[in-house]
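Hi,

Here is the structure I promised to pass on. Have a look at it first, and then read my notes below.

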Amino acid sequence: MAMHNEPLLGDPAPASVTAAAATVVQVPASVSLHADAHAHAHADAGHNPDTAKTQLERLASLGHFAGFVLQFLPTLVHSTAHYFLRGPAVSHWPLNFHVVWSVVRSLMHSANKKGDIEEAQRFTMRPGALPKTGRMRSTELPRSRAAIEFMRASMTATPFPPEAEQDGSIYAEWVWHEAVPDSGHVVYMLHGGGYSLGSAQMIRPLSYRIAKMGKAKAFAINYRLAPPNPFPCAVIDAISGYEFLLSQGIPPSKIVFDGESAGGGLILATLLALRDMGLPLPAGGVLMSPWVDLTHSFPSFLLNETTDYLPARAEHPALGDRLHFYAPNEELRNQFVSPVWAKSLAGLPPLLIQVGSAERLFDEDVHLAERITAEIEEARNKSAAAIATADTDATQPLQQRPPNSFVRLEIYTDQVHVFQMFSFLAASRAAFNRVAAFILDVTGRSEIAPLTDADGHYKSTRSVIDHKGNVVDNDDIKAKL
């Protein structure tokens, strides 16, 4: 597997946004790829008694599906023929994934050039289906004035946008499985969508799945979206959400962040902000294909063009000379926009980073994991003498003995951006199982002891997982540096 994780000199969109791309090019919501999550939820719920309304809805869905098939019939036929005559983009991809990948790629590239952003944003406010065992409660939380003032000071290249000054409130949702006991643990969900799409409502199926597997409640917010609300609005709102959880008396040690694509990048930006603000950090963070370099400076962004569904860059006519709606070009290397370029990545909590080797963001995510690991090791070496002479309680939890963070980098061979959304893949199921294990590990609820070195420090590991979900290589990240 080729590695290209040194920087060289389009907005990624996750599971929650492929449906929006479908809407932009007039594909009905009922047949968007997000329906895969809905199907998973309904399978858990079982069958409800038929009513006249549900029968009509089913007939309407069949009509929409027929329209979808007709609209994308050329793509379906071409991708199927290509599979049998020339093979898939990756040799072991099954027919169903190759066809789905082809349709998603077509949707994304079409929406990238002629998308109606406002229409797509309205679509991604639609709620995803919860199974019968799912529960949801909405709430509102105040926007943090401390976060606003902190982010104002972080912008030195461009003026602070007036939209970021707004106090107001933020919509949020609690999602949980009715049979999971309330242990006080929370997974703080930040959705993806290139900072322009997505919502807490749309990722309800994902929130439910993570909450169920992580034996916790999921908490998701509707952070403000670009273009009407550019950077740093999203970061301000994400900080506000975490401060709200703390204000509810939830200990940081019981909170884990989770996000995909831009949501993963927003998690990292938020953690850097919390660190610099002097706030207590959560127990850990789960980053699925995190978008951490908005400059598109790493080789895989170009080299993996033929295997990923993401377009090269946003080509919307309203952009002008800008690369993204989210932030002006002058701010793209701001650590709260592109965290991979932060001057320091030290002092962060444990992180799980999952990335596919066939996706455009592969190199930036591997580079991120290696940088954080190197800074963890540097911090440990600098403080080794102080730790050796300190009166440390041997029974104190390892996470409370500074500096003792770690990174789990998981590379899924030949997988695309946010491959976890394709739940029929063995690699997706394996990834979710490992997310659940990480959540339990960092919150002290795992029955398996974490990997530590001779000094009692957690090990940062790099695992390679094949398309069947099997670990084929597992090593200390330090050995790869």
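Let me start with a question: is Arg-224 buried or exposed? Arg-224 is buried, with a relative accessible area of 9%. Here, buried means under 20% relative accessible area, exposed means over 50%, and partly exposed is in between (1.4 Å probe, protein chains only).

Before going on, a word on what you have. This is a predicted model, so local features need pLDDT of at least 70 and side-chain atom pairs count only at pLDDT 80 or more, while totals for chains, interfaces and linings use all residues. Residues are numbered from 1 along each chain as its sequence is written, and side-chain values use heavy atoms, with hydrogens and water left out.

Now the overall picture. The chain has 13 helices and ten strands; these are DSSP runs numbered from the N terminus (helices H or I, at least four residues; strands E, at least two). Of its 481 residues, 57% count as buried. About 19500 Å² is exposed, and carbon and sulfur atoms supply 57% of that (areas by the Shrake-Rupley method with a 1.4 Å probe; for residues, only the protein chains shown count as cover).

Back to Arg-224. It forms a salt bridge with Asp-237, with the closest N and O atoms 3.0 Å apart. (A salt bridge is a side-chain nitrogen of Lys or Arg within 4 Å of a carboxyl oxygen of Asp or Glu.) The pair links distant parts of the chain, 13 residues apart: Asp-237 is in helix α9 (residues 233-247) and Arg-224 in the loop between β4 and α9. Asp-237 counts as buried too, at 0% relative accessibility.

The structure holds 17 salt bridges, and here are two others. Arg-145 pairs with Glu-165, the closest N and O atoms being 3.7 Å apart. Arg-145 lies in helix α7 (residues 145-154) and Glu-165 in the loop between α7 and β2 (169-177), so this pair ties together parts that are 20 residues apart in sequence. Arg-145 is partly exposed at 33%, and Glu-165 is partly exposed at 30%. Both belong to a network of salt bridges with Glu-149, Arg-152 and Asp-167. Then there is Lys-217 with Asp-182, at 3.8 Å between the closest N and O atoms. Lys-217 is in strand β4 (residues 217-221) and Asp-182 in the loop between β2 and β3 (186-190), 35 residues apart. Asp-182 is exposed, with a relative accessible area of 58%.

On to the inside. In soluble globular proteins, nonpolar side chains tend to be buried together. The largest nonpolar core here has 76 residues, and Leu-368 is one of those that touch the most other members. (A core is a set of buried Ala, Val, Leu, Ile, Met, Phe, Trp, Tyr and Cys residues joined through side-chain atoms within 4.5 Å.) Leaving aside neighbours within four places in sequence, the contacts of Leu-368 include Leu-268, Leu-287 and Val-340 (contact means heavy atoms within 4.5 Å).

Last, have a look at helix α10 (residues 262-277). It reaches 22 Å from its first C-alpha to its last, close to the 22 Å expected at 1.5 Å a residue (the expected span is 1.5 Å times one less than the number of residues). Of its 16 residues, 13 are buried, so α10 is largely enclosed by the rest of the structure. Gly-278 follows α10 and has a positive phi, near 80 degrees.

Cheers
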